[in-house]
Amino acid sequence: GGNGGFNIYKYHYPKQRVGKHRHDGAPVGVAGTIELLNSRVISTQPIVSFDWSSDREGLCCMSSLDQTLRVFIVTKLEKY
């Protein structure tokens, strides 16, 4: 967050995605949990843009305030 670090998380859906409010019984959304899969410092400056490739799984690019464009391949995504 803010220092050029890059984190990959996996979101786990809750067993019930809708619950009941404890006071009036109205339906409320239930948040899931996240799991940190990997964390790396990519740059000494903050990352200001990021995009996943729509047709190549695991391919992404990002730019940071040190005026660089980086292309990465994230592997083993199918294991999670």
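The points below go through a predicted model of one protein chain, from its overall layout to single residues.

1. Secondary structure. The protein chain contains 7 strands and 0 helices. Followed along the sequence, the order of elements reads β-β-β-β-β-β-β. The radius of gyration is 18 Å, well over the 12 Å that the globule rule gives for 80 residues, so the chain is more spread out than a compact globule.

2. Extent. Along the principal axes, the C-alpha atoms of the protein chain fill a box of roughly 55 × 25 × 20 Å. Of its 80 residues, 16% count as buried. The accessible surface amounts to about 6600 Å², and carbon and sulfur atoms supply 51% of that surface.

3. Contacts and charges. Among contacts in the protein chain with a separation of 6 or more, 37% are made by residues 24 or more positions apart. The chain carries 10 positive and 7 negative charges. The mean positions of these two sets of charges lie 8 Å apart.

4. Aromatic pairs. How many aromatic pairs does a search of the whole structure find? The search gives 3. One of these involves Phe6 and Phe50, whose ring centres are 5.2 Å apart with the planes at 35°. A pair counts as tilted when the angle is neither under 30 degrees nor over 60, so the Phe6 and Phe50 pair is tilted.

5. What the Phe6 and Phe50 pair joins. Phe6 sits in strand β1 (residues 5-12), while Phe50 sits in strand β5 (residues 47-52). The pair therefore ties together parts that are 44 residues apart in sequence. Phe6 has a relative accessible area of 16%, and the cut-off for buried is under 20%, so Phe6 is buried. Phe50, at 33% relative accessibility, counts as partly exposed.

6. Trp52. Phe50 also forms an aromatic pair with Trp52. This pair is edge-to-face, with 5.3 Å from centre to centre and 85° between the planes. Trp52 is partly exposed, at 38% relative accessibility. Ring pairs thus link Phe6, Phe50 and Trp52 into a cluster.

7. Ile34. Is Ile34 buried or exposed? Its relative accessibility is 58%, and Ile34 counts as exposed because the cut-off for that class is over 50%. Ile34 belongs to strand β4 (residues 33-41). Leaving aside residues up to four places away in sequence, Ile34 touches Tyr9, Lys10 and Tyr11. Ile34 and Met62 are 28 residues apart along the chain, and their C-alpha atoms are separated by 23 Å.

8. Asp55. Where is Asp55 found? Asp55 lies in the loop between β5 and β6 (59-64). With a relative accessible area of 59%, Asp55 is exposed. From Asp55 to Gly5 the distance is 25 Å, C-alpha to C-alpha, and the two residues are 50 positions apart in sequence.

Terms used:
Residues numbered from 1 in each chain as written. Predicted model: local features only at pLDDT ≥ 70, side-chain atom pairs only at ≥ 80, totals over all residues. Heavy atoms only, no water. Helix = DSSP H or I, 4+ residues; strand = E, 2+ residues; numbered from the N terminus. Rg over C-alpha atoms; globule rule 2.2 N^0.38 Å. Buried < 20%, exposed > 50% of the residue type's maximum accessible area, 1.4 Å probe, protein only. Contact = heavy atoms within 4.5 Å. Areas by Shrake-Rupley, 256 points an atom, 1.4 Å probe, with all protein chains shown as cover. Lys, Arg positive; Asp, Glu negative; His and termini not counted. Charge placed at Lys NZ, Arg CZ, Asp CG, Glu CD. Phe/Tyr/Trp six-rings, centres within 6.5 Å; stacked < 30°, edge-to-face > 60°.
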